Amino acid sequence: MSNRTFSFRELAKYMGPGFLISVAYMDPGNWATNISGGAKYGTALLWVIVLASMMAMGIQIVAAKLGIATGKGIAQLCRERLPRRVVIVLWAAAELAMIATDMAEIIGAAIGFSLIFNIPLPGGAILAGASSFALLGVRTAYKRGFRAIEYVIMALVGVIALAFVFEVVLAQPTTGQVAAGLAPSIPNADALYVAIGILGATVMPHSIYLHPYIVQDRRERLVAESGDTEDVHRNHFRYESIDTIVALFGAMFVNAAMLVVAAAALTGTGISTLNDAYVTLSGVFGSNASLAFGIALIAAGLSSSLVATMSGQTVMDGFLDWNVNVWIRRSVTLVPSLVVVIAGFDPTSVLVASQVALSFELPFVLIPLVYFTREEGLMGTFVNRTSTTGVMGVIVALISVLNVWLLYTTIFG
């Protein structure tokens, strides 16, 4: 551990990457699965959110450690250390995850614009696409470092958090309701589908790929200022761990609040779509509640869309050593989302399905993460302890088993 004295002033300089990552845990895919879970099963699946959030904290801290220790990301290490055929498979799986992720972000923002401005969903999708391109103007700052992007994302995260503080105050959940939801249970097979969707929406593949990359900005600056020493990297890792925990605790609150508000306002109504949730919230808690809901949904969609684009660049550059223009990258992943909207597919069903798809991608990124961080020759003194590798192995196994179970129940009922 670093011998330096802890300082809140110094911590403030490190705060940011965790909030960029946290956006992935509050994206519109979470909204669809959380609202569906709350409306159908009350607070019964609240424990899934807490469990997934705890898993996410551990995973993201290990991912950040990989970047700090090696100066490289998962995709780049895969390209350098694994057989070419394996790399191609991992890249293809990652790209499919990026498409599923971006679909959730754009559809979510489109629903938000559609609801607030009372326009058809295709019109909301056009606004969402245009707004996502406008946010890429931050790319200019991105080339000079991540700080400007971090401030933008932190502001949008603040909007989302405040909106759900307001919603929870209106919902007034009881201690008994919350406590009951923290007791592990799966009401039925359909609840398993939603629970795995929550897991897929909470532990996000693209955030795991991105985290080792976005810590490089500070790593390079610290090495230039203070030298490439273990103490410098230990200090960086300590503050980055705190940043990650604080940000993901905030994301856990937002996810839990979504489910609790849905349980309070929507249980027994048969409602599970974001559109109906918006209307019902207005009827139950007043128009301000639905307005806050819509604004937060737009903030979640646009912020997570920007982060997903950054992650997509990281994946392609890392696996294939291709540095694709950010505008082209944004255009390629935007098209499937617009096609889904124009084709008339139910947006909420697509959002839930996209999150289940993301849960299938998780082993493809988690296994390389565990593999690399257990190698002492690569990680040096940052190598995972045997206990850490064991816990990560259990997480990978749990996710894989749940996915097989989901596949079985989907095919055979």
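# Loops, buried polar residues and a pocket

Visitor: Where is Gln-172 found?
Guide: Gln-172 is found in a loop. The model is predicted. Helices flank this loop on either side in sequence: Gln-172 lies between α9 (147–171) and α10 (175–181).

Visitor: Is Gln-172 buried or exposed?
Guide: The relative accessible area of Gln-172 is 62%. The cut-off for this class is over 50%. Gln-172 therefore counts as exposed.

Visitor: What is the phi of Gln-172?
Guide: Most residues other than glycine have a negative phi. Gln-172 is not a glycine, yet its phi is positive. The value for Gln-172 is about 50°.

Visitor: What is the phi of Asn-118, and where does Asn-118 lie?
Guide: Asn-118 lies in the loop between α6 (84–117) and α7. Asn-118 is exposed, at 70% relative accessible area. Asn-118 is not a glycine, but its phi is positive, at about 55°.

Visitor: Which side chain makes a polar contact with the side chain of Asp-228?
Guide: Asp-228 has its place in the loop between α13 (216–226) and α14. With 56% relative accessibility, Asp-228 is exposed. Beyond four places in sequence, Asp-228 touches Arg-219, Val-223 and His-233. The polar contact, at 2.6 Å, is with the side chain of His-233.

Visitor: How many Å separate the C-alpha atoms of Asp-228 and Pro-173?
Guide: Along the chain, Asp-228 and Pro-173 are 55 residues apart. Their C-alpha atoms are separated by 50 Å.

Visitor: Is Gln-60 buried or exposed?
Guide: Gln-60 has its place in helix α4. Its relative accessibility is 0%. Under 20% is the cut-off, so Gln-60 counts as buried.

Visitor: Which side chain makes a polar contact with the side chain of Gln-60?
Guide: Not counting neighbours within four places in sequence, the contacts of Gln-60 include Ile-21, Tyr-25, Met-204 and Ser-207. Also among them are His-211 and Thr-244. The polar contact, at 2.4 Å, is with the side chain of Tyr-25.

Visitor: How far apart in space are Gln-60 and Pro-83?
Guide: In sequence, Gln-60 and Pro-83 are 23 residues apart. From C-alpha to C-alpha, the separation of Gln-60 and Pro-83 in space is 25 Å.

Visitor: Which residue has its backbone oxygen 2.8 Å from a polar atom of the side chain of Thr-244?
Guide: Thr-244 is found in helix α14. It is buried, with 1% relative accessible area. Beyond four places in sequence, Thr-244 is in contact with Gly-18, Met-57, Gln-60, Ile-61 and His-211. The backbone oxygen lying 2.8 Å away belongs to Glu-240.

Visitor: Which residue has its backbone oxygen 2.7 Å from a polar atom of the side chain of Ser-132?
Guide: Ser-132 is found in helix α7 (residues 121–135). Its relative accessibility is 4%, so Ser-132 counts as buried. Outside its neighbours up to four places away, Ser-132 touches Ile-106, Leu-302, Ser-305 and Arg-330. The backbone oxygen at 2.7 Å is that of Gly-129.

Visitor: How many of the residues of helix α12 are buried?
Guide: Helix α12 spans residues 205–214 and is mostly covered. Its buried residues include Pro-205, His-206, Ser-207, Ile-208 and Tyr-209. The count of buried residues in α12 is 9 of 10.

Visitor: How many residues form the largest nonpolar core?
Guide: In soluble globular proteins, nonpolar side chains tend to be buried together. Trp-31, Ile-208, Tyr-209, Phe-319, Leu-366 and Leu-369 touch the most other members of the largest core. Setting aside residues up to four places away, Leu-366 touches Ile-59, Ile-208, Ile-395, Val-396 and Ile-399. The number of residues in this largest core is 123.

Visitor: How many residues are in the second, separate core?
Guide: Leu-46, Val-48, Ile-198 and Ala-256 are included in the second core. The number of residues in this separate core is 15.

Visitor: Which element gives the most to the lining of the largest pocket?
Guide: The lining has 16 residues, with Lys-65, Arg-234, Phe-237, Arg-385 and Thr-388 nearest the pocket's centre. Two elements, α4 (46–70) and α14 (230–266), give two or more residues to this lining. With 5 residues, the element that gives the most is α14.

Visitor: How much space lies in the largest pocket?
Guide: The lining of the largest pocket divides into 7 nonpolar, 5 polar and 4 charged residues. The space in the largest pocket is about 420 Å³.

Technical notes:
Residues are numbered from 1 along each chain as its sequence is written. This is a predicted model: local features need pLDDT of at least 70, side-chain atom pairs count only at pLDDT 80 or more; totals for chains, interfaces and linings use all residues. Side-chain values use heavy atoms; hydrogens and water are left out. On a 1 Å grid over the protein atoms alone, a cavity is a set of points where a 1.4 Å probe fits but cannot get out, and a pocket is an open set with protein on both sides within 12 Å along at least five of seven lines; lining residues have an atom within 4 Å of a point. Grid points are joined across faces, edges and corners, and a volume is the space filled by probe spheres set on the points. Helices (H or I, at least four residues) and strands (E, at least two) are DSSP runs, numbered from the N terminus. Ala, Val, Leu, Ile, Met, Phe, Trp, Tyr, Cys and Pro count as nonpolar, Asp, Glu, Lys and Arg as charged, and the others, Gly among them, as polar. A nonpolar core is a set of buried Ala, Val, Leu, Ile, Met, Phe, Trp, Tyr and Cys residues joined through side-chain atoms within 4.5 Å. Buried means under 20% relative accessible area, exposed over 50%, partly exposed in between (1.4 Å probe, protein chains only). Contact means heavy atoms within 4.5 Å. A polar contact is a pair of N or O atoms within 3.5 Å; within protein, one must be able to donate a hydrogen and the other to accept it, and residues adjacent in sequence count only if both atoms are side-chain atoms.
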